[in-house]
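Here's a quick tour of one protein model, from its contacts and overall build to what sits inside. Have a look at it first, then read on.

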Amino acid sequence: MTAQADVRRWRVPGRVNLVGEHLDHNGGPSLPMAIDRFLSIKARGRDDHVVNVWSDGRRASFPTSVGPGDVDDWAAYAAGAVGAYVAAGHPTSGIDLVVERGPDGLPAGAGLASSAAVTTGVVAALADVGGLALDPVTVSMLAQRAENDFVGTPTGLMDQLAVTHGRAGHALLVHPMTDPPTVEHVGFDPGAAGLSLLVVDTRVDHSHAVGGYAVRREECASAAAAIGVDHLADVRLDQLVGLEDPTLAARARHVFTEIARVKAGVRALRDGDWPQLGTVLTASHASLRDDFEVSCAELDLAVEAALESGALGARMTGGGFGGSAIALVPNDRVEAATALVTARFDAARWAPPTVFTVRPSDGATLLA
């Protein structure tokens with residue numbers, strides 16, 4: 001059990017998706033950004049083929065030969081990252097990992113891609129400690145495999161690409177289904193326009209592994225099969241209106257219209273048209289609420305209160321069924337928006353939300 005190297009430390013961000021929800025697994029583009037809420041991952045090599053993980057006062061240990069289902073609960077994501085890394089032909093002699101969130105760090109269960117931060121951070125740490133140079137796309141794909149094959153969460157690739165490719169002052173136009181996946185940086189600096197991007201963590205936890213996310217993926221696959229396309233992103237308007245099943249038609253309609261909203265969002269960013277971006281955000285929420293049916297009462301209330309308090313636009317972000325909403329708010333309305341959202345939650349006798357602002361951030365970074 002001899003330590004092989006000095007401790008290395010990674011800073012790994014979460015992500016907010018501005019628009020393009022549930023498009024990555026349907027073959028379409030998204031417009032996420034890495035945010036300035038981070039995980040810290042400390043790593044040190046071992047020579048006994050053991051992996052130790054510490055996080056929030058908990059510890060888990062397992063061999064480097066870990067397989068699907070061998071580790072559950074909180075440590076499953078780190079174990080999945082190790083398993084995916086080794087399964088891809090990258091052996092490791094063992095590693096000690098410490099995953100820390102900190103008081104203002106990336107919250108878990110908030111729809112801000114904390115699981116992608118863990119898996120991408122662990123894959124990057126394994127490669128770093130092992131002296132292997134992996135490009136960000138490869139790191140992202142291994143991290144996705146960790147969630148899909150080892151944890152059992154059927155995520156797309158958008159979260160991981162956002163976590164690895166983030167750049168301060170930019171959003172990311174992500175095309176996860178190209179070969180290889182592509183990421184284009186698009187300038188996004190709301191602060192320069194006197195605006196803030198507000199996050200409302202409803203504190204309604206969500207679990208894609210056991211929740212409705214998997215059901216939505218199955219519905220989208222059924223809709224694509226009924227139409228005769230590989231992915232719903234390929235559907236034409238005439239094919240869309242021909243879908244007879246009302247549920248499948250609604251799911252396909254969300255994908256079709258959300259792709260148009262991504263294009264409109266990119267155009268608004270490039271033109272500096274902030275009111276138009278706000279309109280895109282709000283329209284996206286309505287589609288996710290009504291056609292894709294992944295919102296919840298808490299998310300809807302957060303969006304409504306933010307808009308009432310002066311936000312240019314607001315929507316849920318992430319897979320849904322809980323998690324967070326975002327709002328594009330003039331700086332002089334941030335305090336009022338926070339107060340109104342909090343008051344509305346209190347009136348509904350819900351636990352108080354956590355409200356904070358975020359900025360576009362750099363992706364996963366080796367600090368030392």
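## Contacts along the chain

In this predicted model, take the contacts between residues with a separation of 6 or more: 72% of them join residues 24 or more positions apart.

## Overall build

The protein has ten helices and twelve strands. Its C-alpha trace spans about 60 × 50 × 40 Å along the principal axes. How does the radius of gyration fit with a compact globule? For 368 residues such a globule would come out near 21 Å, and the protein has 20 Å, so the two agree.

## Inside

Of the 368 residues, 55% count as buried. In soluble globular proteins, nonpolar side chains tend to be buried together. Here the largest nonpolar core holds 103 residues, and the members touching the most others are Val16, Leu97, Val122, Phe188 and Leu197. Helix α7 (residues 246-271) chips in the largest share of this core, with ten residues. Apart from that core lies another one, of six residues, including Leu157, Ala162, Leu172 and Val174.

Which residues does Leu197 touch, leaving aside those up to four places away in sequence? Its partners are Val16, Leu18, Met33, Phe188, Ile326, Ala327, Leu328, Phe356, Thr357 and Val358.

## Surface and charge

The protein exposes about 14600 Å², and carbon and sulfur atoms supply 49% of that. As for charge, there are 29 positive and 44 negative ones, and the mean positions of the two sets are 3 Å apart.

Technical notes:
Residues numbered from 1 in each chain as written. Predicted model: local features only at pLDDT ≥ 70, side-chain atom pairs only at ≥ 80, totals over all residues. Heavy atoms only, no water. Helix = DSSP H or I, 4+ residues; strand = E, 2+ residues; numbered from the N terminus. Rg over C-alpha atoms; globule rule 2.2 N^0.38 Å. Buried < 20%, exposed > 50% of the residue type's maximum accessible area, 1.4 Å probe, protein only. Contact = heavy atoms within 4.5 Å. Areas by Shrake-Rupley, 256 points an atom, 1.4 Å probe, with all protein chains shown as cover. Lys, Arg positive; Asp, Glu negative; His and termini not counted. Charge placed at Lys NZ, Arg CZ, Asp CG, Glu CD. Core = buried A, V, L, I, M, F, W, Y, C linked by side-chain atoms within 4.5 Å.
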